[in-house]
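Work through the following exercises with the coordinates open beside you, and try each task before reading its solution.

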Amino acid sequence: MHRLRRRGARVSCNARRHRSMLFRTLGCSGLGFVALISSIMNRAAKESLTSGLRPRVTNAAPPAGLVCRVRSIAQQLRPRALIVASEKLASTMRGGREKTINRCTTVATAASVASSETVSKSNMYSYDHLFMKPPSGTDMKLSGTALILLNTPFDPNLVWLIRNLWGRVNVVVCADGAANRLYSLTESTQDDKYVPDYVCGDLDSTKPEVADYYRSKGVNILRIDDVVSNDLEKCLKIVKEKHGVDKAVLCGGLGGRFDHEMGNINALVKNMNEFEEVVLVGESSLVQVLRPGYHSFKIDKENLGPNCGIIPVNGKVSRIDTTGLKWNLEGQSLAFGSLVSTSNVLDSDHVTIRTSSPIVWTISIPPKSR
């Protein structure tokens, strides 16, 4: 019994020493992080004791068996813990001799981590996509939202979306040639209800008679000669600077010329930090660029799904985790030339995505909502 107590004291002392070495190495802070590491190290020390492993009480590295147990326990705690291998060799001169005093291979971080960045309230986002639902009760108004019509054919799905959102948003903008399409859609009725607030772009596609008609209705016709940005970027800049909206629904922009599609995706990437949410809605797909962080989606399966995909857009995604999908990603990396998640399927009406880098999240629109 006396020997067992002495051995237990050694293990406890050794575990404390290794924890101290770990915190100095990683420069960690935060009670939650410390609690996680302490729990893992204490558990590893106890398992080492019961298995007969006898660590050395020295300033050297933690015993190999203890390190293996730390790794094993951390893996068991996933997704509550993410293994991060960290090695550091620090040397100092003591009495004229160089000694290695710190070598750690150990754990880190907690559940709220995307890559090595802690997920706080500033990079946690939630979405309900109310704009895909017919208005009812308190869902009538979509405050702080802009509707931007893009110059692609208005198929029945987009016509439904336009009519569903008109009068519910703060501002409506036609991107250049989209003014022609809106005019053709309402020409037979000449319904003043469907008059936008702006027609914006380089105006190389807007027909003169259409521009004159909307000008007579008090619409702001804004010609912006900027060859560096496309019409969508010009529209996003207008609604942000003049109306301060936080969200934008982009109607169209998918289908047709591939370079136009990629230009629109690029506009989403460039503006992902300027808006809370920017969504591109096409005939059969909804597309959204997600910034690094944790994203939670409430999915209305009557109007969205079941197919979905996750695509890297800004280089390699070093780590991504999902829930609510048929084939969830659990710590994988994404990159063109490697893994890209396409043809996935919703498995729940609640989906979460944690990503270390920007990605495109796309979800299908079923025929029922068209």
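Axes are lines fitted to C-alpha atoms, for helices over the stretch in contact, and angles run from 0 to 180 degrees between N-to-C directions. The model used here is a predicted one.

**Exercise 1. Describe how helix α7 packs against helix α8, and list the residues that meet.**

Solution. Two packed helices are described by the angle between their axes and the distance between the axes. Begin, then, with these two values: the axes of α7 (residues 231-243) and α8 (residues 258-270) come within 9 Å and cross at roughly 30°. Next, compare the angle with the cut-off, by which angles under 35 degrees count as roughly parallel; the two helices α7 and α8 are therefore roughly parallel to each other. The handedness of the crossing of α7 and α8 is right-handed. Finally, turn to the side of each helix that takes part: α7 contributes Leu232, Glu233 and Leu236, which meet Asn264, Ala267, Leu268 and Lys270 of α8. Sorted by character, the residues of this contact comprise 4 nonpolar, 1 polar and 2 charged.

**Exercise 2. Trace the open sheet of 10 strands and say which strands lie at its edges.**

Solution. Follow the strands in the order β9-β8-β7-β6-β10-β11-β12-β19-β14-β17, which form an open sheet with mixed pairing. The edge strands, each pairing on one side only, are β9 (220-223) and β17 (341-345). From one strand to the next, the twist averages 20°. As a sample of the pairing, take β14 (residues 307-312) and β19 (residues 359-364), which run in the antiparallel sense over 5 bridges; here glycine 309 stands opposite threonine 362 of β19. Helix α5 (residues 178-186) packs on the sheet, where it touches β6 (145-149), β7 (171-175) and β8 (198-201), and its direction makes about 110° with that of β7.

**Exercise 3. Explain how far apart aspartate 212 and arginine 215 are along their helix, given that their side chains meet in a salt bridge.**

Solution. The structure holds 6 salt bridges, and one joins aspartate 212 to arginine 215 at 3.0 Å, N to O. Because these two residues are 3 residues apart in helix α6 (residues 208-216), about one helical turn separates them.

**Exercise 4. Locate the cis peptide bond and the positive phi of histidine 129.**

Solution. Most residues other than glycine have a negative phi, and most peptide bonds are trans. The cis peptide bond joins glycine 305 and proline 306, with omega about 10°, and proline 306 is found in the loop between β13 (293-298) and β14. Histidine 129, although not a glycine, has a positive phi of about 50°; this histidine 129 belongs to the loop between β5 (124-127) and β6.

Notes. Residues are numbered from 1 along each chain as its sequence is written. This is a predicted model: local features need pLDDT of at least 70, side-chain atom pairs count only at pLDDT 80 or more; totals for chains, interfaces and linings use all residues. Side-chain values use heavy atoms; hydrogens and water are left out. Helices (H or I, at least four residues) and strands (E, at least two) are DSSP runs, numbered from the N terminus. Angles under 35 degrees count as roughly parallel, over 145 as roughly antiparallel, 65 to 115 as roughly perpendicular and the rest as oblique. A crossing is left-handed if the near helix is turned anticlockwise from the far one by less than a right angle, and right-handed if clockwise. Contact means heavy atoms within 4.5 Å. Ala, Val, Leu, Ile, Met, Phe, Trp, Tyr, Cys and Pro count as nonpolar, Asp, Glu, Lys and Arg as charged, and the others, Gly among them, as polar. Two strands pair if DSSP finds at least two bridges between them. A salt bridge is a side-chain nitrogen of Lys or Arg within 4 Å of a carboxyl oxygen of Asp or Glu.
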